[in-house]
There are 2 protein chains.
Amino acid sequence: MRIALDAMGGDHAPGEIVRGAVQGALAHPDVTVILVGKQDAINRLLDEDRRPANVRVVHATEEVAMDESPVDAIRKKKDSSLKRAVDLVKGGEAEAAISAGNTGAMVAASTMILRTQPGIQKAGIAAILPTLNGFGVLLDVGANVNAKSLHLYHYALMGTVYARAMFGGDERVSVGLLSIGEEDAKGNELVKETNAIFTQSPLNFVGNVEGGDIFKGKATVVVCEGFVGNVVLKT
Amino acid sequence: MRIALDAMGGDHAPGEIVRGAVQGALAHPDVTVILVGKQDAINRLLDEDRRPANVRVVHATEEVAMDESPVDAIRKKKDSSLKRAVDLVKGGEAEAAISAGNTGAMVAASTMILRTQPGIQKAGIAAILPTLNGFGVLLDVGANVNAKSLHLYHYALMGTVYARAMFGGDERVSVGLLSIGEEDAKGNELVKETNAIFTQSPLNFVGNVEGGDIFKGKATVVVCEGFVGNVVLKT
């Protein structure tokens, strides 16, 4: 697997990013890490460190700042390290792109360059969280703050596929809908509408779950709209 | 101070409620605890325990179940222990009413019987949470899942008054608005609209705060809409 890594994004970039890339490359000889960003700076850092054979560098002249408008950043900075990392996936030169920088810009770049899967309307951000049973997936944690019930259904489908790929196992992946009570009738309008869709769907829907159930692992995939998910993640 | 306590509401009621009332009454001789509910059951429990002089019993024949529709429960069960506890406040026989039972019914009873303060449109539920600096108030944690920005402003005002009464201190009570980023431009439409109102208000508004800031104590009062607050509380 080849992973494109935005070397210029995140706190203490590019130093900590390059150090992490080297550690990762040494631990996983079968992965190629492609550091994307200002090549002089990256090469200088790689020379200080051990430069593993499975680390490559791709030059990009610009950087996306943390406070930049995501869509503007992708439209205007055609040669940003973040955008170039996603371009590598689009061009088939990498299987995944990672940035620790501007999250909104990463969502915008992924959506504009890679597009969503057929039938999926909105990108979501999934977080893997520890639970009493192992791990669970919470999504959306902030890509989409104006979610409709159909978006939440798409998140449930993507979360199910993602959990199966990440955690394996023979059992069907369980899905919960985050609400303020377990009863179907509790919650806001979005949750009530979504509960009805989930109930009639082929999802392995275990019903509404509450905040405390996320970490109890009552469902492997917990679905919520982006504002709530982001607050939960940061809480 | 006289406190009316719904003896029939909550897990393991009335046993645990009566035991708690006795403990509280012994610890606070200046407080009168008025246990409201089925007097035979309550008296039997008080006889098993020490019956402090500052515990009284007021009879009520009915009980509100946990899964009952709040408004229906208050309208139809005129002699429920929960409603009678609130009636005591209305009649000037108690200064506060407490129930560990059906939260929605308690909000409905308080709103229908006591009414909100002049100018305040909706009741909220405030939770006191530990912070790195001491304690903070988070509201609304679930009374109102269709909040408008004006409701959030009212919660900020009530939270400020409540925090001053509870925690004292000379400093002005700080207020934060729960969002998904500190920048004014981040958040959903409700948060953006509310941020503009808070900014122009006489509140000591410190800006938007994130999930992690609640427990850091970045603001003494953190305001959010009921769905989000309930999920945070249970998380």
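# Salt bridges, a helix and a two-chain interface

Asp87(A) and Lys83(A) sit four residues apart in helix H4 of chain A, about one turn of the helix. Keep that pair in mind for the first exercise, and remember that this is a predicted model.

**Exercise 1. Work out which residues are tied to Asp87(A) and Lys83(A) by salt bridges.**

Start with the pair itself. The closest N and O atoms of Asp87(A) and Lys83(A) are 3.1 Å apart, and the cut-off for a salt bridge is 4 Å, so the pair counts. Next, look around it: Asp79(A) and Arg84(A) join Lys83(A) and Asp87(A) in a network of salt bridges. Then check the surroundings of Lys83(A). At 11% relative accessibility, Lys83(A) is buried, because the limit for that label is under 20%.

**Exercise 2. Describe the setting of Lys78(A), and say whether it is buried or partly exposed.**

First, place it: Lys78(A) is in the loop between helix H3 (70-76) and helix H4 (81-90) of chain A. Second, read its accessibility. With a relative accessible area of 48%, Lys78(A) is partly exposed. Third, list its contacts. Leaving out residues up to four places away in sequence, Lys78(A) touches Glu62(A), Lys83(A) and Arg84(A). Closer along the chain, a polar atom of the Lys78(A) side chain lies 3.2 Å from the backbone oxygen of Arg75(A).

Now hop over to chain B, where Asp79(B) lies in the loop between helix H3 (70-76) and helix H4 (81-90). Asp79(B) counts as buried, at 17% relative accessibility. Its contacts, again not counting residues up to four places away, are Ala60(B), Thr61(B), Glu62(B) and Arg84(B).

**Exercise 3. Check whether the length of helix H1 (residues 15-27) of chain A agrees or disagrees with its residue count, and find what covers its buried side chains.**

Take the 13 residues at 1.5 Å a residue, and you expect a span of 18 Å. The end C-alpha atoms are 19 Å apart, which agrees. The buried residues in H1(A) are Gly15(A), Ile17(A), Val18(A), Ala21(A), Val22(A) and Ala25(A). Their cover includes strand S1 (2-6), strand S2 (32-37), helix H2 (39-48) and strand S3 (55-59) of chain A.

**Exercise 4. Work out how chain A and chain B are related, and what holds the contact between them.**

Begin with the geometry. A turn of 180 degrees and a shift of 0.0 Å along the axis lay chain A on chain B with an RMSD of 0.0 Å. That is the relation of a two-fold axis. Also, 100% of the interface residues of chain A are interface residues in chain B too, so the copies meet through the same surface.

Go on to the area. About 1900 Å² is buried between chain A and chain B, with carbon and sulfur atoms giving 70% of it. Ile180(A), Phe227(A) and Thr235(A) supply 33% of the area that chain A buries against chain B, more than any other three residues.

Finally, go through the charged pairs; the count between the chains is two salt bridges. In one, the closest N and O atoms of Lys234(A) and Glu210(B) are 2.4 Å apart. In another, Glu210(A) meets Lys234(B) at 2.3 Å, N to O. That pair runs from the loop between strand S8 (204-209) and H8 of chain A to helix H9 (residues 226-234) of chain B. Lys234(B) counts as partly exposed, at 30% relative accessibility.

Note on methods: Residues are numbered from 1 along each chain as its sequence is written. Chains are lettered from A and ligands numbered from 1 in the order in which they are written. This is a predicted model: local features need pLDDT of at least 70, side-chain atom pairs count only at pLDDT 80 or more; totals for chains, interfaces and linings use all residues. Side-chain values use heavy atoms; hydrogens and water are left out. Helices (H or I, at least four residues) and strands (E, at least two) are DSSP runs, numbered from the N terminus. The expected span of a helix is 1.5 Å times one less than its number of residues. Buried means under 20% relative accessible area, exposed over 50%, partly exposed in between (1.4 Å probe, protein chains only). Contact means heavy atoms within 4.5 Å. Copies are superposed by least squares on the C-alpha atoms of residues with pLDDT of at least 70 in both. Buried area is the accessible area (1.4 Å probe) that two parts lose on being put together, summed over both. A salt bridge is a side-chain nitrogen of Lys or Arg within 4 Å of a carboxyl oxygen of Asp or Glu. A polar contact is a pair of N or O atoms within 3.5 Å; within protein, one must be able to donate a hydrogen and the other to accept it, and residues adjacent in sequence count only if both atoms are side-chain atoms.
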